[in-house]
Amino acid sequence: MVEPNEPVPQGTRRMPALPKALLWIVGIVVSLVLIVFIASFFIDEPLRRTTERRMNQSLKGYKVRLPKLHFSLIGLSITLKGLTISQEAHPQPPVAEFPYLRASVQWREILSGKLVGDMTLHGPKVHVNLLQLKTEAASKVPMKQKGWQQAFEAIYPLKINLLQITDGSLSYIDQDPKRPLKLSNLNLSADNIRNIHLPDKVYPSNFHLETDIFGSGHGTVDGRANFLAEPTPAVKAAIELAKVPIAYFAPMAARSNVRIEGGTLTASGNVEYGRKVQTVRLKKLAIHGVKLDYIHTPETARAESRRAQKVKKAAKEVSNKPDLILTIDHFSLTESNVGFVNEYGGKKLRLFLSEANLYLDNFSNQFSKGPATARLSGKFMGSGITEAKATFRPENKGPDLDLYLKITNTQLASLNDLLRTYGNFDVTAGTFSLVTELHVKNNRVNGYIKPFFKDMKVYDRRQDKNKGFFHKVYEMLVGGIAKLLENRPHDQVATKADISGPLQNPKTSTWQVVIELIRNAFIKAILPTFERNVDALGRHK
């Protein structure tokens with residue numbers, strides 16, 4: 001150790017003493033930092049109350065609660081904890097919860113000469129239920145006048161240029177609180193929201209969204225946007241959906257007389273939405289393993305008619321609209337069960353196609369895209385081998401459709417509910433087949449529907465022992481007529497119904513034409529003049 005008065009050994013350097021002025025400067029800076037740091041805690045509570053009050057003054061129909069706020073003078077950042085937003089009409093559950101929200105200056109953009117902010121949200125939760133949704137829909141105050149923008153400006157005065165959301169969730173409860181429609185593990189990143197960079201580009205901002213859908217499904221959205229576009233933001237993005245369970249939509253589907261069980265959805269495609277163009281192109285849309293029934297009752301007939309008119313109007317509005325292009329390159333419905341349920345007079349009838357596989361290619365609302373083609377296979381009533389092919393175009397001058405359908409060897413006993421409902425008899429044996437061909441163009445329909453009944457046995461003493469005497473006689477008569485109509489030696493009954501003429505309603509959509517023709521002709525074909533022949537026999541007794 002060198003004593004103060006001793007000479008410094010050769011080769012050893014003495015550290016220069018810091019000037020007193022510099023020490024004072026360093027001390028002042030540290031003191032100021034400490035003062036600012038401590039002072040920031042003293043302004044937290046007044047700022048919290050002010051922020052909460054300003055947000056509540058801005059919002060209409062909603063109320064904010066803000067238990068914690070911290071403002072940092074050093075980084076000019078503000079952190080909110082436990083922020084909740086509730087609808088005044090239905091406060092539980094809160095519409096939104098923000099466990100952690102932080103906003104600060106986006107310092108890197110200072111170099112660009114722009115004073116903007118960034119915002120980070122961790123674990124936000126948005127909850128909406130049917131009651132809250134109905135209240136919002138019935139409100140006389142439009143959503144854009146609810147004061148949401150002013151409320152968020154009360155949190156932080158700078159325009160947000162970077163938004164990051166981690167581990168968010170979005171839930172909608174329709175009727176069953178145990179089966180919410182929920183997006184979880186939601187992560188979103190959006191940058192250049194204020195168009196600071198690439199302002200001359202159509203979509204100067206980029207964003208990425210990723211989320212789990214209803215637990216087992218997954219979705220991603222990658223794209224670019226112009227968040228400042230008027231009157232609404234413009235977006236161009238690629239979408240991927242995988243294994244989305246569609247049974248969660250059952251409560252909403254039920255309001256349209258559709259019952260859904262099981263099934264998953266997978267899709268990929270591109271979406272572009274702007275002031276001059278709206279384009280949806282799905283490269284692939286696949287539904288697998290769903291059981292789907294359309295349920296018709298006399299009580300719902302009027303509502304069904306109103307819905308059909310709305311669908312027809314909507315289809316007409318989007319058909320061949322140049323600025324709205326809808327395209328599905330390939331749609332598939334595989335290993336599914338699709339049915340029609342008719343409930344009438346206490347009786348329930350279900351016609352269905354099991355092991356259904358439907359493939360649809362080149363579907364579009366644009367006539368210029370060319371015809372779409374469809375292929376269908378399955379088992380009618382669980383036994384009848386079914387094959388169908390169709391070609392159709394988007395409506396330009398009315399429906400344009402070619403359809404071929406063949407059903408082979410359906411077990412007639414599986415149709416007993418239908419036979420009892422419309423013919424008041426049933427069968428114990430036999431098969432049913434059908435061939436139909438339809439062509440619709442220039443507001444005319446041409447085609448035929450031809451059913452075949454083979455080895456049909458109507459009356460069986462063992463099955464019918466509990467039935468009344470007159471009903472047994474009726475079934476015996478029907479069975480006798482079937483025998484009279486048989487084309488021996490093949491033991492086959494065959495009739496043919498011609499379907500030709502102008503469309504009664506030229507404005508009917510292609511899908512309505514198919515449904516009405518098949519439904520009306522099908523019932524008549526399965527019961528080929530049975531009742532008329534029974535009446536004729538009765539008159540000649």
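Phe227 is partly exposed in this predicted model, with a relative accessibility of 28%. Its aromatic partner is Phe207, and the two rings meet edge-to-face, with 6.4 Å from centre to centre and 65° between the planes. Phe207 is buried, at a relative accessible area of 13%. Phe207 sits in strand 9 (residues 205-213), while Phe227 belongs to the loop between strand 10 (217-226) and strand 11 (234-245), so this contact ties together parts that are 20 residues apart in sequence.

A second ring pair joins Phe214 and Tyr248. Their planes are at 25° and their centres 5.3 Å apart, so this pair is stacked. Phe214 comes from the loop between strand 9 and strand 10, and Tyr248 from the loop between strand 11 and helix 5 (250-254), so parts 34 residues apart in sequence are tied together here. Phe214 counts as buried at 11% relative accessibility, whereas Tyr248 is partly exposed at 23%. Ring pairs also bring in Phe249, which forms a cluster with Phe214 and Tyr248. The count for the model comes to six aromatic pairs.

**The second largest pocket**

Which residues are closest to the centre of the second largest pocket? They are Trp148, Gln149, Phe152, Leu163 and Phe227, out of 45 residues in the lining. Phe227 therefore has two roles in this account, as a ring partner of Phe207 and as one of the residues closest to the pocket centre. The space in this pocket is about 1800 Å³. The lining divides into 30 nonpolar, nine polar and six charged residues.

Several elements give two or more residues to this lining, including strand 3 (77-87), strand 4 (96-105), strand 5 (117-122), strand 6 (125-129) and helix 3 (130-138). Helix 4 (148-155), strand 7 (160-173) and strand 8 (181-191) are also among them. Strand 7 gives the most, with six residues.

**Strands and a helix around the pocket**

Strand 4 pairs with several of the other lining elements. With strand 3 it runs antiparallel over seven bridges, and Leu83 has Phe98 of strand 4 as its bridge partner. Strand 4 and strand 5 are also antiparallel, over six bridges, with Tyr100 opposite His122 in strand 5. Strand 4 and strand 6 pair in the antiparallel sense over two bridges, and there Glu97 has Lys125 of strand 6 as its bridge partner.

The loop between strand 3 and strand 4 holds Pro93. A cis peptide bond joins Gln92 to Pro93, with omega about -5°.

Helix 3 has two faces. Leu130, Gln132 and Glu136 are buried. They cover an arc of only 160° around the axis, which puts them on the same side of helix 3. Leu131, Lys134 and Ala138 are exposed on the other side of the helix.

**Pairing further along the chain**

Strand 14 (residues 324-344) pairs with strand 13 (residues 278-296) in the parallel sense, over 15 bridges. His296 has Asn342 of strand 14 as its bridge partner. Strand 14 is also joined to strand 15 (residues 347-364), this time antiparallel, by 14 bridges. Leu333 stands opposite Leu358 of strand 15.

**Backbone details**

Where does Leu198 lie? Leu198 is in the loop between strand 8 and strand 9. Its phi is near 50°, a positive value in a residue other than glycine. Met381 has a positive phi as well, about 55°, although it is not a glycine. Met381 lies in the loop between strand 16 (372-380) and strand 17 (384-392).

Is Met381 buried or exposed? Met381 is buried, and the table sets its value beside those of Leu198 and Asp455.

| Residue | Relative accessibility | Class |
|---|---|---|
| Leu198 | 43% | partly exposed |
| Met381 | 9% | buried |
| Asp455 | 43% | partly exposed |

Asp455 belongs to strand 20 (residues 444-457). From C-alpha to C-alpha, Asp455 and Thr431 are 6.7 Å apart in space, with their positions 24 residues apart in sequence terms: they are 24 residues apart.

Methods:
Residues are numbered from 1 along each chain as its sequence is written. This is a predicted model: local features need pLDDT of at least 70, side-chain atom pairs count only at pLDDT 80 or more; totals for chains, interfaces and linings use all residues. Side-chain values use heavy atoms; hydrogens and water are left out. On a 1 Å grid over the protein atoms alone, a cavity is a set of points where a 1.4 Å probe fits but cannot get out, and a pocket is an open set with protein on both sides within 12 Å along at least five of seven lines; lining residues have an atom within 4 Å of a point. Grid points are joined across faces, edges and corners, and a volume is the space filled by probe spheres set on the points. Helices (H or I, at least four residues) and strands (E, at least two) are DSSP runs, numbered from the N terminus. Ala, Val, Leu, Ile, Met, Phe, Trp, Tyr, Cys and Pro count as nonpolar, Asp, Glu, Lys and Arg as charged, and the others, Gly among them, as polar. Rings of Phe, Tyr and Trp (its six-membered ring) pair if their centres lie within 6.5 Å; planes under 30 degrees apart count as stacked, over 60 as edge-to-face and the rest as tilted. Buried means under 20% relative accessible area, exposed over 50%, partly exposed in between (1.4 Å probe, protein chains only). Two strands pair if DSSP finds at least two bridges between them. The arc is that of the directions from the helix axis to the C-beta atoms.
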